[in-house]
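Student: I would like a close look at one part of this model, the place where the two chains meet. Please set it against the rest of the fold, too.

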Amino acid sequence: MNAPLRRVAISVLVLFTLLIVNINYIQVVRSEELREDGRNTRVLADEYSRERGAIVVAGEPIALSTPTDDRLKYLRQYPQGGLYAAVTGFYSVIYGATGIERAENPLLAGTDDRLFVRRISDLFTGRDPSGGDVVLTLDPAVQQAAMAGLEGQVGAVVALDPSTGAILGLASTPTYDPNLLASHDLDAVREAAAQLEAADPDPRSNQAISQRYAPGSIFKVIVSAAALENGYTPETVVPAPQVFDLPQSDGTLKNFNGSACDPSGQQPLIQALTISCNTAFAQLGIDLGEDAIRDMAEGFGFGREDLAIPLDVATSTLGEIENGDQLARTSIGQQDVQVTPMQAAMIAAAVANDGVLMKPYLVDQLLAPDLTVIDETDPEELSQPISARTAEQLTEMMTSVVTNGSGRAAGIRGIQVAGKTGTAENEGPDHNWFIGFAPADDPQIAVAVFVRNGGGTGGDTSAPIARQVIQAYLDAQEGR
Amino acid sequence: MAGPTTDPRAAAPGTAVPTRRGTEALLLAFAVAITLAAQCIVDLTVTGSLRPELATFGIWFTALWTGAHLVVRKFAPYADPLLLPCVAVLTGLGLVMIHRLDIADPDSGADAPVQLLWATIGLLLFVAVLLVVRDHRLLSRYAYILMLLGLVLLTLPAILPASISEVNGAKIWIRVAGFSIQPGEFAKICLVVFFAAYLVDKRDVLALASRKVMGLELPRGRDLGPVLVVWLVSILVLVFERDLGSSLLLFGIFVVMLYVATERSSWLVIGLLLFAGGATIAYQAFGHVQARVDTWLDPFAYYDGSGYQVAQSLFGLGTGGLFGAGLGGGRPDEVPIAKSDFIAAAIGEELGLFGLAAVIMVYLVLVERGLRTSLIVRDPFGKLLAAGLSFAVAWQLFVVLGGVTGLLPLTGLTTPFLAYGGSSLVANFGLVALLVRISDAARRPATPHVAPQRLTDAPTEVVQP
């Protein structure tokens, strides 16, 4: 019986090795993922016993921890209520953390490796360990103008500094008060969450970066960019019929309100963009071909799955294009094109920044608890979809949109604004878009405004909000 | 017969075989020291001061193992010196974790003192077994009585009304007058003894091969009887008691003992096929088996229901990481029923990967010493019994830890020695007593120059092929 016994002994060794390999996998490989799972309340309970760092905008905390008398020693508070909810997210005993609260959690909680030396010294000095501060790139004037403009609508505003990618404003409506979810009264928190859950859409869903919608005519900026890169100029005359016959089917594609773009059936490219001529861009898309459109879109950030600001940004896509009909509809931003308001703002920002697309970012600095800077974001170039020359021509065309075309409502006296409107068809009332930047000759701010099912046009619903945001930022810059 | 390297008599012919009681005493002291140090760390971390009860605990716990050691020294002087210390450190660590979980959730009651009481009862059983069973071979005489007892213990909860026998969906308990026992733990030992006696009796027949298929010598069709019976009993346990663990445990132990007895690997293949068949049928036919498997495949998908416990266990293990949160530093009470089913998760969270791996290594030492005993003991019944008992511990640990760490579907089994639960602790002390008894017989010199007065007790030489 000894031979099988030895084999049993070896089998036991194998079984136990399996166990140890498996716990290695869980406790080492998956450790971080499991530790940081939002449902894992362990770390949270531990974190509540320390003073969490603040989230700071323009020197003022928009999220801070204050001492309490109850079991959890610190309460998270958001002095501005719902104003910054889309950025900060919430920090809840029950529901974990979202937004910056989650993305920068290690530093805020004081567990970040960069605070290691300090933690060691805390151990010896008996000082309670505390977290570091996160300083954001947001501008309060921009954020307030954006939220005020969106009031009563479902929508989003994203404002970028085109030369760096710094996010100046990031608003999503409807918003919610993160204080309600951060409360230590758990029943109240559950009730608040149930109310948010019941609302449509859930205010916790971030319209600016997590939701994607058909862009409509703002996509024509990308088609124009592809055209300009392929030998067209703003003055190149393109066909612009009253009705565009779809190549693969009996269907037709019309202009907004069914009007003619030009009595002659053709017009210069700049004019086509200015009045947002659907038939012209459908034909242009087919002439340029799918690859040219797709490459240009990807240059502007479409298809990027790893974009984090540091909040995850949903991937904007063109969708599959199977035939000429679909290519025609894609070229006017319909069919399966899906973009986030963040992506829309990136299009405007790249044009504004001489064709160079900067990586958008929210976090300007990370501060240690003693307020020394331990990290600072360096602006990073993502890509250069178009040449500086093309960017200049596009700026000229987009300025024409605001001066003479569908985007007049974005115009500001004394300042040249460049932009493009979009009115996207969908199952409900039309989505209303506007992307743009100003001043056109020296861009300081690029914005995207999105109003879900606004029902009007991009020009009359979204452009005025963009104007308010741009105006607020330029005024604030002047005041400084 | 065992080779010269594993036969202690061959190592030093004519000289006295060392009893190694001193080694055992030293290791036991070490185990007690670890336990007491861990207790102190828990109290200091959580409450910042040492409780006065700690002294009582320390004295009691030390007394337990001193007593056990003295009994072994007197009644099983040649016993393997590693068995008892392994058990001591595991029991001690279990008591520490249960105490730690007591503090974490004061509403759940103080379970650590109760567990200490159970450990005391367990050690009394340990002593009783050593005193009563002076020669393990005597057990084979009672094999069929033990089988009956085992089957009764196993099936009793299934017959009893659910109000007495059902806890958390598994009908494996007997709850009378405030006490709850899991008779399955005792049934396990009775049945292993029976299997050993039965297989020694029938192994020649069972080893008969009828034909060779693909290099595998298959047994005769009519010899499949016993394995089919055990298989059927396992299935019945699964169906009527909803106890995946005992079912898996029982069948696994039997097949391995069958393989050891007959030296025919075809029995392993047949066992695996029967298991696969049974598992498939059970999965198709029973909702609770399906639910278990689904939860196992993705516990996080069932986070709000059946997957919550495993998910929390994984969170705890992941949060513990390499070194753990430190004793008293984690939140092991987040896992429901952490004291019994999920004590390993609590250890993994607070002592980290290193702590949990160390615990697994202690089990490995315990099991491999048991199997070594089986290798060197001279009589076939002792061999099979030691192998069966050792493998039972190994298999049970594998199934439990596999469940806690998501490697296997969750079962209702408890971690031997560590987990809170009287029946499991007491029964496993009985199991170790048998192993100690067999290892004493295995290492005791055949020639009577050490203890001439015990000549009559000396095991007879059994010449083996």
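Tutor: What follows starts at the contact between the chains and then moves outward into each of them.

Keep in mind that this is a predicted model. The contact draws 41 residues from chain B and 30 residues from chain A. On the chain B side, the elements giving two or more residues are α10 (244–262), α13 (308–320), α14 (343–376) and α15 (380–404). α14(B) supplies the largest share of that side, with 12 residues. Sorted by class, the chain B side holds 25 nonpolar, 11 polar and 5 charged residues.

Now zoom in on one helix pair. Helix α1 (residues 2–29) of chain A meets α10(B), and their axes come within 7 Å. The two axes cross at roughly 145°. The crossing of α1(A) with α10(B) is right-handed. From α1(A) come A:Pro4, A:Leu5 and A:Val8; from α10(B) come B:Val256, B:Tyr259 and B:Val260. By class, this helix contact has 6 nonpolar residues, no polar ones and no charged ones.

Go one step into chain B. Chain B has 16 helices and 6 strands. Of its 465 residues, 51% are buried. Take the chain B contacts between residues at least 6 apart in sequence: 70% of them join residues at least 24 apart. The largest nonpolar core has 149 residues. B:Ala196 and B:Met257 have the most contacts inside that core. α14(B) gives this core its largest share, 18 residues. α14(B) also gives the largest share of the side that touches chain A. In soluble globular proteins, nonpolar side chains tend to be buried together.

Look at B:Ala196 itself. Beyond its neighbours within four places in sequence, B:Ala196 is in contact with B:Met257, B:Phe381, B:Leu384, B:Leu385 and B:Gly388. A second, separate core has 133 residues, including A:Ile62, A:Ala159, A:Val469 and A:Ala472.

Cross over to the strands of chain A. Strand β19 (residues 445–451) is mostly covered, with 7 of its 7 residues buried. A:Ile445, A:Val447, A:Val449 and A:Val451 point one way from β19(A). A:Ala446, A:Ala448 and A:Phe450 point the other way, and these residues are buried as well. In a regular strand the side chains alternate between the two faces of the sheet.

β19(A) has strand partners. Strand β7 (residues 155–160) of chain A runs antiparallel to β19(A), joined to it by 6 bridges. Here A:Gly155 stands opposite A:Val451. Strand β18 (residues 431–438) of chain A also pairs with β19(A) in the antiparallel sense, over 7 bridges. There A:Phe434 faces A:Val449 as its opposite residue. β18(A) and β19(A) make a hairpin, with 6 residues between them.

Chain A also has an open sheet of 6 strands, ordered β3-β2-β1-β6-β14-β15, with mixed pairing. Its edge strands are β3 (74–77) and β15 (373–376), each pairing on one side only. On average, neighbouring strands of this sheet are turned by 25° against each other, direction ignored. Inside the sheet, strand β6 (residues 133–136) and strand β14 (residues 363–367) of chain A run antiparallel, with 4 bridges between them. A:Val135 has A:Gln365 in β14(A) as its bridge partner.

Finish with the backbone details worth a check. A:Asp200 and A:Pro201 are joined by a cis peptide bond, with omega about -5°. A:Pro201 sits in the loop between α10 (186–198) and α11 (220–229) of chain A. The peptide bond from A:Ile309 to A:Pro310 is cis too, with omega near 5°. A:Pro310 belongs to the loop between α14 (290–299) and α15 (324–331) of chain A.

Two residues that are not glycine have a positive phi. One is A:Asp354, at about 55°. A:Asp354 lies in the loop between α16 (341–352) and β13 (357–358) of chain A. A:Asp354 has 18 other C-beta atoms within 10 Å, so it is partly exposed. The other is B:Arg20, with phi about 65°. B:Arg20 lies in the loop between α1 (8–11) and α2 (21–46) of chain B. B:Arg20 counts as partly exposed because it has 17 C-beta neighbours inside 10 Å.

Terms used
Residues numbered from 1 in each chain as written. Chains lettered and ligands numbered in written order. Predicted model: local features only at pLDDT ≥ 70, side-chain atom pairs only at ≥ 80, totals over all residues. Buried ≥ 20, exposed ≤ 12 C-beta atoms within 10 Å, placed from the backbone. Contact = placed C-beta atoms within 7 Å. Nonpolar A, V, L, I, M, F, W, Y, C, P; charged D, E, K, R; others polar. Core = buried A, V, L, I, M, F, W, Y, C linked by C-beta atoms within 7 Å. Axes fitted to C-alpha atoms, helices over the stretch in contact; angles between N-to-C directions. Left-handed = near helix turned anticlockwise from the far one by under 90°. Pairing = 2+ DSSP bridges.
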